[in-house]
Amino acid sequence: MILRLPRFDSHLHQALCEGLVIGIEGNPKISGLISNNDAFEIRKNNTFVAWYVRKEQIQEIIAKNEILKFHPRREKYTPEEVVVCIEINQPRLVIFDTLNYPYWEPSDYFEIVRKFPKTIFLLAHAGGIQMNSFVPEIILSNVYFDFSATMVIFEVFKNKKRREGNFLTSAIRILVSNPNSRKRLLFGSDAPMYSRENTFRAYKKFGMRRQELDANFLGFIDEIGL
Ligand SMILES: [Zn+2]
């Protein structure tokens, strides 16, 4: 049976479909990945782009009122530096790579989220090492999540035994069972590094359907004003 994927993908590094394309970090080996310089060229209709913030740019005006992605583990900027970067760039959306242990603690993210209540945040790769620390914060209305990479790395899409033995599962169940956080769960795959199909299989295991994920994405871009 053909697996019909959601129309929108909130975490892409190639313009494979409609959604949110993020300029790539480092020097990728795979050809066709979107660089920061390419990113703003490809913006059109339902394809939006995010700028990956490098350490050397953290004190600069990069692009006002756009989408910025921060990756503290790779770039090693401090929470204080990120706060200043948000203040001077006033992004409409901040994407955090949450796989940043041990450089950042969960409290570092949420102090920033609370400091900018009018800014929308997307916690990408939710379910990293400290997922359970994030769960109490799900009621914050300015936070969206995607489970790109983590659902595939932790094999949540596989059989029940895999899923039930997985520390991610309880956190995802809480997010899915809360109406506030459920509508802020986005289908993000991290393609082409991770499989869009397997990521969607994992979302389906938790009862998230294609139409609902697409509606969540549309609500998301509406909220950030795109
Ligand atoms: Zn990514």
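Reader: Leaving aside its neighbours within four places in sequence, which residues is leucine 5 in contact with?

Author: This is a predicted model, by the way. Leucine 5 sits in the segment before strand 1. Even so, threonine 199, which is 194 residues away in sequence, lies 9.7 Å from leucine 5, C-alpha to C-alpha. Once neighbours within four places are set aside, the contacts of leucine 5 are Arg196, Glu197 and Phe200.

Reader: Okay, and is leucine 5 buried, partly exposed or exposed?

Author: Let's count what surrounds leucine 5: 18 other C-beta atoms lie within 10 Å. A residue needs 20 or more to be buried, and 12 or fewer to be exposed. With 18, leucine 5 is therefore in between, that is, partly exposed.

Reader: Now the sheet. Which strands stand at the edges?

Author: The sheet is open and has eight strands in the order 1-2-3-4-5-6-7-8, with parallel pairing. A strand with a single partner has one side left without a neighbour in the sheet, so look for those: they are strand 1 (8–12) and strand 8 (185–186).

Reader: What stands opposite isoleucine 22 in strand 3?

Author: Strand 2 covers residues 18–22, and four of its five residues are buried. Strand 2 pairs with strand 1 over three bridges, where aspartate 9 faces glycine 19. Four bridges join strand 2 to strand 3, residues 47–52. There, opposite isoleucine 22, you'll find alanine 50.

Reader: And which residue in strand 6 is the bridge partner of phenylalanine 96?

Author: Strand 5 (residues 93–97) runs parallel to strand 6 (residues 120–124), and five bridges join them. In strand 6, phenylalanine 96 has as its bridge partner leucine 123.

Notes
Residues numbered from 1 in each chain as written. Predicted model: local features only at pLDDT ≥ 70, side-chain atom pairs only at ≥ 80, totals over all residues. Pairing = 2+ DSSP bridges. Helix = DSSP H or I, 4+ residues; strand = E, 2+ residues; numbered from the N terminus. Contact = placed C-beta atoms within 7 Å.
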